[in-house]
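Colleague: I should like to take a close look at a single part of this model. Please treat it in one connected account.

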Amino acid sequence: MKIISNINDLRNHLRGQNRAAFVPTMGNLHEGHLSLMRLARTYGDPVVASIFVNRLQFGPSEDFDKYPRTFEEDAEKLEKEGVYILFAPTEKELYPEPQDYRVDPPHDLGDILEGEFRPGFFKGVCTVVLKLFSCVQPNASVFGKKDYQQLMIVRRMVQQFALPVEIIGAETIRADDGLALSSRNGYLSKDERLEAPELFKVLNEIKQSVASASSMTHSMIQEIERAAHEKLLERGWQPDYLSVRLQQNLLVPSQEQFNKKDPLVILAAAKLGKTRLIDNLEI
């Protein structure tokens with residue numbers, strides 16, 4: 001595996017490679033990330049991964065400097081997965097001057113759910129992803145469905161800018177007890193780790209309630225969401241949102257859309273202790 005930090009060197013190594021499959025990451029890799037590398041291999045060759053902790057997507061209250069950096073261990077894992085190039089630019093390389101040009105997703109998609117609780121997050125994500133695409137120029141790129149809203153926003157960005165990149169959504173990888181794999185899980189205490197799968201259990205309870213109903217009004221959905229919110233509160237969680245949305249645009253479904261069985265997704269974010277976990281479940 002080649003480890004490259006310079007954009008020109010990366011382009012030279014990839015010149016003539018028009019089927020590259022790309023997986024962008026911020027490092028601190030776990031099995032969920034590695035599954036993306038395996039999926040990428042089925043969509044292109046060579047496989048290129050990146051590790052870059054993107055300052056632009058961290059809010060004022062989020063500690064950029066404390067984000068776990070495990071580069072040597074990450075590189076070993078990627079090499080075992082047969083990744084051809086690990087692109088690991090420095091901040092100075094990727095942002096040689098202040099990044100004044102930003103990609104701002106539409107408010108009705110970028111400022112809801114995660115965007116409401118992390119203002120500016122998706123602007124930072126879109127900006128770095130667009131820049132990484134410019135560096136790697138992949139034929140396909142893989143993103144995990146655990147970050148459901150992020151996947152949708154990146155896919156819409158690619159469509160709107162007519163980028164020649166196929167965006168692949170990879171299913172969420174879970175531990176045996178149902179907890180979605182995440183770098184943030186490492187922050188959980190032993191007791192919190194035992195409690196953490198409750199978030200996925202609550203999502204399944206919401207799914208069962210919604211899927212089993214022959215008809216559903218907006219107020220009924222709100223009541224199901226409220227009950228789930230209260231359940232997590234009683235167990236010591238601090239929920240940001242638990243929301244049933246349309247898969248196609250993440251808007252709240254109308255009664256007509258529910259009755260037509262339009263595909264839905266439940267999205268959730270909640271703090272357990274000091275650790276904020278996100279998850280989702282399609283209906």
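Is Glu198 buried or exposed, and what is its relative accessible area?

Modeller: In this predicted model, Glu198 is buried, with a relative accessible area of 9%. Its side chain meets that of Arg235 in a salt bridge, at 3.7 Å from N to O. Glu198 belongs to helix 10, whereas Arg235 lies in the loop between helix 11 (218-234) and strand 7, so the pair ties together parts that are 37 residues apart in sequence. Arg235, for its part, is partly exposed, with a relative accessible area of 41%. The two residues also belong to a network in which salt bridges that share partners join Glu195, Glu198, Glu205, Lys231 and Arg235.

Helix 10 (residues 198-211) itself lies across strand 7, strand 8 and strand 9, and runs at about 30° to strand 9. These three strands form an open sheet in the order 7-8-9, with antiparallel pairing. Strand 7 (237-246) and strand 9 (275-282) each have a single partner strand, so one side of each is left without a neighbour in the sheet. On average, neighbouring strands of this sheet are turned by 10° against each other, direction ignored. Strand 8 (residues 264-272) pairs with strand 9 over eight bridges, and Lys271 has Arg276 in strand 9 as its bridge partner.

Strand 9 also takes part in a salt bridge: Asp279 pairs with Arg174, the closest N and O atoms being 2.8 Å apart. Asp279 lies in strand 9 and Arg174 in the loop between strand 6 and helix 9, so this pair ties together parts that are 105 residues apart in sequence. Asp279 counts as buried at 5% relative accessibility, while Arg174 counts as partly exposed at 24%.

How values were computed:
Residues numbered from 1 in each chain as written. Predicted model: local features only at pLDDT ≥ 70, side-chain atom pairs only at ≥ 80, totals over all residues. Heavy atoms only, no water. Pairing = 2+ DSSP bridges. Helix = DSSP H or I, 4+ residues; strand = E, 2+ residues; numbered from the N terminus. Axes fitted to C-alpha atoms, helices over the stretch in contact; angles between N-to-C directions. Contact = heavy atoms within 4.5 Å. Salt bridge = Lys/Arg side-chain N within 4 Å of Asp/Glu carboxyl O. Buried < 20%, exposed > 50% of the residue type's maximum accessible area, 1.4 Å probe, protein only.
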